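Me: I have a model open and want to learn how to read its helices, packing and domains. Can we go through it step by step?
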Amino acid sequence: MPPFIRKKRHILPGFGLSMGYTVFYLSAIVIVPLATIVFGTFKMDPQAFIGTVTSPRVLASYRLSISTAIVAALFNAIFGFLTAWTLVRYRFPGRRVLDALVDLPFALPTAVAGICFATLYSPVGWIGQLLAKADIQLINAPSGIVVALIFIGFPFVVRTVQPVLAELEPEMEESAQSLGATRWQTFRRILLPHLFPALLTGVTLSFARAVGEYGSVIFIAGNLPFKTEIAPLMIMTKLDQFDYDGASAVALVLLLISFSMLLVLNSVQRLQQKAYR
Amino acid sequence: MQKNTSRKIKPQPGHNRNDHPAVQAILVLLTVLFFAAFIFMPLGLVFAEGLRKGIEIYFEAIREPYALAAVKLTLLTAAIVVPLNAVFGVTAAWAISKFSFRGKTLLVSLLDLPFAVSPVIAGLIFVLLAGSRTSFGSWLGEHGIKIIFSTPGIVIATLFVTFPFVARELIPLMESQGRDEEEAAITLGARGWQVFSIITLPNIRWGLMYGMILCTARSIGEFGAVSVVSGHIRGMTNTIPLHVEILYSEYNYTASFAVASILVFLALVTVAVKALIEHRVHIHQSNPS
Amino acid sequence: MSIEIKNVTKRYANYTALDDISLSVETGELIALLGPSGCGKTTLLRIIAGLDTADDGSVILEEKDTTNLPAREKNVGFVFQHYALFRRLNVFENVAFGLKVRPSGSRPSKSEIRDRVEHLLKLVQMDWAISRYPSQLSGGQRQRVALARALAVNPKVLLLDEPFSALDAKVRQELRRWLRKLHDDIHVTSIFVTHDQEEALELADRIVVINKGKIEQQGAPQEVYDHPANAFVYNFLGNVNMFHGRIRDGKVLLGNHQVGTRHNLEGDGDKDGQAFIRPHEIGISRIRSGENDLPGIIRDIRLMGGQIGLELETQGFDKLIEAEIPRETWRNLQLSKGDPVFITLDRVRVFTGDYSI
């Protein structure tokens with residue numbers, strides 16, 4: 001028996017080349033640039049860092065970004081689920097068109113969405129006029145921000161729930177019904193728990209996207225400090241003032257928030273996989 | 001039977017499993033209302049506003065030199081970014097789906113990064129990286145290479161934001177297709193490149209196309225990151241979305257919407273092509289076997 | 001081409017798939033690697049093909065050590081369990097693939113390739129499907145194309161990984177017979193992996209029984225069936241009844257009951273062990289035919305076709321005894337549920353030592 005140590009050989013060809021290129025590309029485009037922010041903030045004076053990040057205006061922007069993102073995500077949870085349900089399970093004229101249009105917020109540039117909503121909900125806009133009669137104003141108000149965030153987060157929920165819904169086996173519901181459950185009971189006890197992980201994934205993705213959203217929000221928000229100034233705009237403002245340190249600091253905290261969302265999502269997905277093992 | 005290779009199985013709709021017709025009607029109505037408020041109206045608005053002053057003005061806004069320059073820059077960016085990211089996507093998907101190695105989960109999560117990073121931050125990191133405060137940045141400055149406030153910066157920022165699209169499409173697809181065909185090919189004596197081009201590539205062509213289309217749409221429409229990096233210099237570093245913003249902020253609403261309608265049109269095309277591809281794939285899968 | 005496998009070992013994180021396996025295969029042999037799921041047989045096959053690497057040991061094909069050779073250079077034909085046909089290529093292109101990817105020096109001309117493909121497809125009786133795509137073929141048809149594809153490059157060895165397990169029972173039987181005939185015509189050294197003992201018994205020149213990464217026994221089918229080396233082999237190759245027994249004074253005792261056996265146990269001393277007998281080796285009659293006969297009652301009758309299955313309850317054994325008798329016998333004896341019968345167990349096989357089913 002040959003006494004040398006065997007190197008692990010990959011059977012299919014091209015591992016070295018493909019791995020190498022992948023890692024190189026990732027590092028160049030993603031890791032190194034991101035590291036710059038992290039290290040940049042390390043170089044900052046800790047006092048200044050804390051000072052920036054906890055200044056009232058910045059805190060207000062975090063609060064705004066997070067709270068609007070949560071409201072929008074919850075709204076999307078309901079209407080996204082509803083949409084997925086009707087698209088998968090019902091048949092009606094125009095179903096295909098609606099199904100295709102779900103991807104529109106994904107494909108539409110955020111700026112276009114931004115100017116659309118700003119115009120639509122302005123006091124002289126189509127919907128704005130109606131709302132004005134009810135004394136509701138969406139321009140320059142957090143609620144306007146929520147509307148924009150609903151738009152951009154909506155496909156995430158639909159597209160994560162849809163495939164799971166589509167692959168549901170009829171036998172599950174049929175057996176529940178043969179055992180005497182009502183439609184509502186079947187839905188609540190059998191279907192909903194089955195679909196919950198996918199729903200959670202979609203909502204988390206929608207939230208993560210909404211927290212960092214910029215283009216679709218700034219037109220309708222009015223960007224009033226302390227009232228309708230979102231965190232990404234905060235960063236932009238500091239950049240315009242050449243306050244690179246300040247911008248980095250705010251960005252770092254926002255990044256931390258987003259990354260912890262990603263981690264949550266990953267653990268949810270892993271739990272999901274375990275449940276289906 | 002050959003292993004089922006479909007990722008998304010769509011049953012025939014109409015398996016409504018006995019939901020009461022009234023319930024169905026209400027739910028469908030609610031859905032349609034939601035779509036009307038959030039999708040149809042914005043769409044209609046863009047064209048209505050853009051054409052408000054008549055079709056002449058509409059076309060003028062699009063033909064205006066600055067608008068055209070913006071279109072050119074946007075298309076140029078997409079033409080660079082999409083092929084680069086496609087190559088990356090295919091390479092990464094090959095490494096991830098055909099081999100087992102440690103750290104694979106970490107690698108896959110890294111691919112999701114741009115989704116967790118606000119576009120503004122994406123722009124910021126490149127401004128910082130290429131700015132004079134870092135060693136890399138000062139090296140660039142010495143050699144007179146401008147990244148920020150010029151096209152390369154826009155390209156790189158767009159690369160960052162759109163790089164996962166092709167990979168994320170291909171990885172689940174290639175994983176579900178397995179390694180059997182590739183293994184069979186090498187037992188028959190095929191070399192690496194032959195295996196890839198004759199066996200793997202044709203199997204993933206629809207997924208690849210779909211990923212590239214998404215990537216294109218996103219790179220054309222990217223706003224936040226490019227906004228930070230470009231400096232908004234009209235005629236030089238303006239992309240279409242940025243141009244839309246400038247026009248809007250100058251209260252030139254009609255022109256703004258007119259230019260925006262290009263983007264809307266492109267988005268609709270993207271969505272339609274995607275639906276078509278999915279339809280094709282669906283047909284393929286229900287082939288008689 | 002002869003194959004020599006020397007001391008091959010393969011370990012995974014928490015278990016050993018192959019434990020120091022050594023095996024030789026003569027040129028032109030058709031041997032079966034038989035064993036339960038997870039016993040390592042497929043791993044061994046893939047290591048021979050170069051689709052997996054061994055941690056220790058070597059694989060020698062026709063005197064050449066090919067252990068570290070990549071699969072591409074081994075000139076081994078491999079047939080996969082799920083066919084692995086190239087779904088985007090039609091039948092002709094699938095079969096021609098191995099010839100078309102040869103470097104331009106050794107590549108046959110277009111017409112030579114066409115001739116060879118047509119010849120092979122005729123051999124596997126799939127020439128009518130030459131322009132079809134895999135998705136248009138049934139499982140059995142796909143497997144035949146896969147075989148033609150593997151044979152196209154004139155491999156010195158043909159390896160088949162559970163080639164028929166994904167097919168319907170009837171198709172499986174047909175293809176089995178057909179494969180045997182093909183091998184008789186072509187005489188390529190072939191190794192196939194299966195967990196179906198019927199298949200191994202029917203097809204192979206030699207059976208290698210593998211369990212938990214080790215070879216339990218190897219030999220001609222009749223040899224392995226009639227003279228199993230241990231309880232595992234015996235149990236794996238067919239249905240069994242198992243009893244706890246003792247050997248005393250050269251006789252086999254099940255409980256208090258003495259039974260007959262083929263073994264010569266004189267001078268074996270007193271031992272505890274397990275006794276096995278196959279259902280079709282049990283004799284059933286209405287009258288006592290020997291002093292060791294056991295009285296019993298029929299609890300269940302299964303009309304399975306050519307053989308009839310009986311479940312018998314006896315005093316002294318808490319488990320029911322499974323017996324099989326030919327349909328004629330059942331008809332002649334006019335047996336029905338609840339009938340008392342006499343059971344003859346005179347061909348019991350005893351294995352001492354630990355074994356549990």
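Reply: Yes. Keep in mind that this is a predicted model. Begin with the order of elements in chain A: from the N terminus on, they run α-α-α-α-α-α-α-α-α-α-α-α-α.

Me: How many helices and strands does chain A have?
Reply: Chain A holds 13 helices and zero strands.

Me: How do I judge overall spread? What is the radius of gyration of chain A, and what does the globule rule give?
Reply: Set the value against the rule for the chain's length. Chain A has a radius of gyration of 24 Å, and the globule rule gives 19 Å for 277 residues. The value is well over the rule, so chain A is more spread out than a compact globule.

Me: What box do the C-alpha atoms of chain A fill?
Reply: Along the principal axes, the box is roughly 75 × 60 × 30 Å.

Me: Now helix packing. At what angle do α12 of chain A and α6 of chain B cross?
Reply: Take the angle and the axis distance together. Helix α12 (residues 231–240) of chain A and helix α6 (residues 119–130) of chain B cross at roughly 30°, and their axes come within 9 Å. Angles under 35 degrees count as roughly parallel, so α12(A) is roughly parallel to α6(B).

Me: Is the crossing of α12(A) and α6(B) left-handed or right-handed?
Reply: α12(A) passes α6(B) in a left-handed crossing.

Me: Which residues make the contact?
Reply: From α12(A) come A:Pro232, A:Ile235, A:Met236 and A:Leu239. From α6(B) come B:Val120, B:Ile121 and B:Leu124. By class, this contact of α12(A) with α6(B) has seven nonpolar, no polar and no charged residues.

Me: Let's try a pair inside chain C. At what angle do α3 and α4 of chain C pack?
Reply: Helix α3 (residues 110–123) and helix α4 (residues 139–152) of chain C pack at about 140°, with axes 9 Å apart. That angle makes α3(C) oblique to α4(C). α3(C) passes α4(C) in a right-handed crossing.

Me: Which residues of α3(C) and α4(C) are in contact, and how do they divide by class?
Reply: α3(C) supplies C:Arg116, C:Val117, C:Leu120, C:Leu121 and C:Leu123. α4(C) supplies C:Ala148, C:Leu151 and C:Ala152. The contact of α3(C) with α4(C) has seven nonpolar, no polar and one charged residues.

Me: Last, domains. Where does the assignment place the domains of chain C?
Reply: Read the bounds, then the separation. The domain assignment gives domain 1 (3–236) and domain 2 (241–352) for chain C. The C-alpha centres of domain 1 and domain 2 of chain C lie 40 Å apart.

How values were computed: Residues are numbered from 1 along each chain as its sequence is written. Chains are lettered from A and ligands numbered from 1 in the order in which they are written. This is a predicted model: local features need pLDDT of at least 70, side-chain atom pairs count only at pLDDT 80 or more; totals for chains, interfaces and linings use all residues. Axes are lines fitted to C-alpha atoms, for helices over the stretch in contact, and angles run from 0 to 180 degrees between N-to-C directions. Helices (H or I, at least four residues) and strands (E, at least two) are DSSP runs, numbered from the N terminus. Angles under 35 degrees count as roughly parallel, over 145 as roughly antiparallel, 65 to 115 as roughly perpendicular and the rest as oblique. A crossing is left-handed if the near helix is turned anticlockwise from the far one by less than a right angle, and right-handed if clockwise. Two residues are in contact if their C-beta atoms, placed from the backbone, lie within 7 Å. Ala, Val, Leu, Ile, Met, Phe, Trp, Tyr, Cys and Pro count as nonpolar, Asp, Glu, Lys and Arg as charged, and the others, Gly among them, as polar. Domain bounds come from an automatic or database domain assignment. The radius of gyration is taken over C-alpha atoms; the globule rule is 2.2 Å times the number of residues to the power 0.38.
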